[in-house]
Amino acid sequence: MVLQNNHEKFMQEALQEARVALDEGEFPVGCVFVDRNRILARGRRRNSSEQFCNEIDHAEIVTLRAFLAEHPDYDFSSVVVYSTMEPCLMCYSTMLLSGIRSFVWAYEDIMGGGTNLPLQSLNALYAQMQITLVEKVQRTASLKLFQQFFSNYSYWQDSLLSRYTLEQVIEE
């Protein structure tokens with residue numbers, strides 16, 4: 001597991017990936033996988049531009065696929081995922097099924113966040129999972145990236161998430 005005081009440090013790494021995504025015109029979600037205070041893998045959102053848009057290449061999925069390609073039998077039980085945005089339902093459930101049980105994120109996904117999924121109410125596969133969730137680590141830094149994105153790009157432009165994000169006041 002990662003010590004609580006290292007959450008800020010590893011979220012900075014995810015934010016670095018998000019900045020690269022934003023510089024590439026992509027939705028600014030960055031992700032890092034950490035195990036025993038060591039970064040295993042990093043990734044960022046792909047294919048959110050109008051030309052190549054899809055809803056599969058989320059930062060967490062990109063990171064997981066790349067890592068599994070090189071380490072197909074890795075035990076994810078002690079991995080902590082750091083994302084600049086709360087994982088969506090697709091990413092969250094995929095990582096749960098891969099064995100990941102700890103999630104840290106910066107900015108809440110009020111439109112599609114998956115971490116409020118009531119696992120205890122689901123079938124046994126999910127109901128028995130013990131999950132650690134830590135929110136709002138480096139939230140302001142992530143919020144700034146999303147505000148910049150929604151001010152300049154059309155992806156999810158008229159969505160609840162865009163409106164909510166652009167209405168947020170940043171207090172310094």
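The following dialogue examines the sheet, the core and the cysteines of a predicted model.

Student: In what order do the 5 strands of the open sheet stand?
Tutor: The sheet is open, and its pairing is mixed. S2 and S5 stand at the edges, each with a single partner strand, so one side of each has no neighbour in the sheet. Neighbouring strands are turned by 15° against each other on average, direction ignored. The order is S2-S1-S3-S4-S5.

Student: How many bridges join S1 to S2, and how many join S1 to S3?
Tutor: S1 and S2 run antiparallel and form a hairpin with 2 residues between them. Arg 36, in the turn of this hairpin, has a positive phi of about 55°. S1 also runs antiparallel to S3. The bridges number 6 between S1 and S2, and between S1 and S3 they number 5.

Student: Which residue of S3 is the bridge partner of Phe 33?
Tutor: Phe 33 lies on one side of S1 together with Cys 31 and Asp 35. Among the contacts of the residue sought, beyond its neighbours within four places in sequence, are Phe 33, Glu 60, Met 95 and Ile 100. The bridge partner of Phe 33 in S3 is Val 81.

Student: Are the two faces of S1 covered or uncovered?
Tutor: In a regular strand, side chains alternate between the two faces of the sheet. On one side of S1, Gly 30, Val 32 and Val 34 are buried, and on the other Cys 31, Phe 33 and Asp 35 are buried as well. In total, 6 of the 6 residues of S1 are buried. Both faces are covered.

Student: Which element gives the most residues to the largest nonpolar core?
Tutor: This core has 47 residues, and those that touch the most other members are Met 11, Phe 27, Phe 33, Val 81, Tyr 82, Ile 100 and Phe 103. The elements that give two or more residues include strands S1 to S4 and helices H2, H3 and H5. The element that gives the most, with 6 residues, is H1.

Student: What angle does the direction of H3 make with that of S4?
Tutor: The buried residues of H3 are Cys 91, Tyr 92, Ser 93, Met 95 and Leu 96. Their cover includes S1, H2, S3, S4, H4 and S5. H3 packs on the sheet by touching S1, S3, S4 and S5, and its direction makes an angle with that of S4 of about 160°.

Student: How far is the nearest cysteine sulfur from that of Cys 91?
Tutor: The structure holds 0 disulfides. Cys 31 is in none, and the nearest cysteine sulfur to it, that of Cys 91, is 8.2 Å away. Cys 91 is likewise in no disulfide, because a disulfide requires sulfur atoms within 2.5 Å. For Cys 91 the nearest cysteine sulfur is that of Cys 88, at 3.7 Å.

Student: What are the relative accessible areas of Cys 31 and Cys 91?
Tutor: A residue counts as buried under 20% relative accessible area. Cys 31 meets this limit, and Cys 91 also counts as buried. The value for Cys 31 is 0%, and that for Cys 91 is 0%.

Student: Which geometry does the aromatic pair of Phe 67 and Phe 76 have?
Tutor: The whole structure contains 16 aromatic pairs. Phe 67 and Phe 76, both buried, lie 5.7 Å apart centre to centre, with 65° between the planes. Planes over 60 degrees apart define the class, so the pair is edge-to-face.

Definitions and conventions. Residues numbered from 1 in each chain as written. Predicted model: local features only at pLDDT ≥ 70, side-chain atom pairs only at ≥ 80, totals over all residues. Heavy atoms only, no water. Core = buried A, V, L, I, M, F, W, Y, C linked by side-chain atoms within 4.5 Å. Buried < 20%, exposed > 50% of the residue type's maximum accessible area, 1.4 Å probe, protein only. Helix = DSSP H or I, 4+ residues; strand = E, 2+ residues; numbered from the N terminus. Contact = heavy atoms within 4.5 Å. Phe/Tyr/Trp six-rings, centres within 6.5 Å; stacked < 30°, edge-to-face > 60°. Pairing = 2+ DSSP bridges. Axes fitted to C-alpha atoms, helices over the stretch in contact; angles between N-to-C directions.
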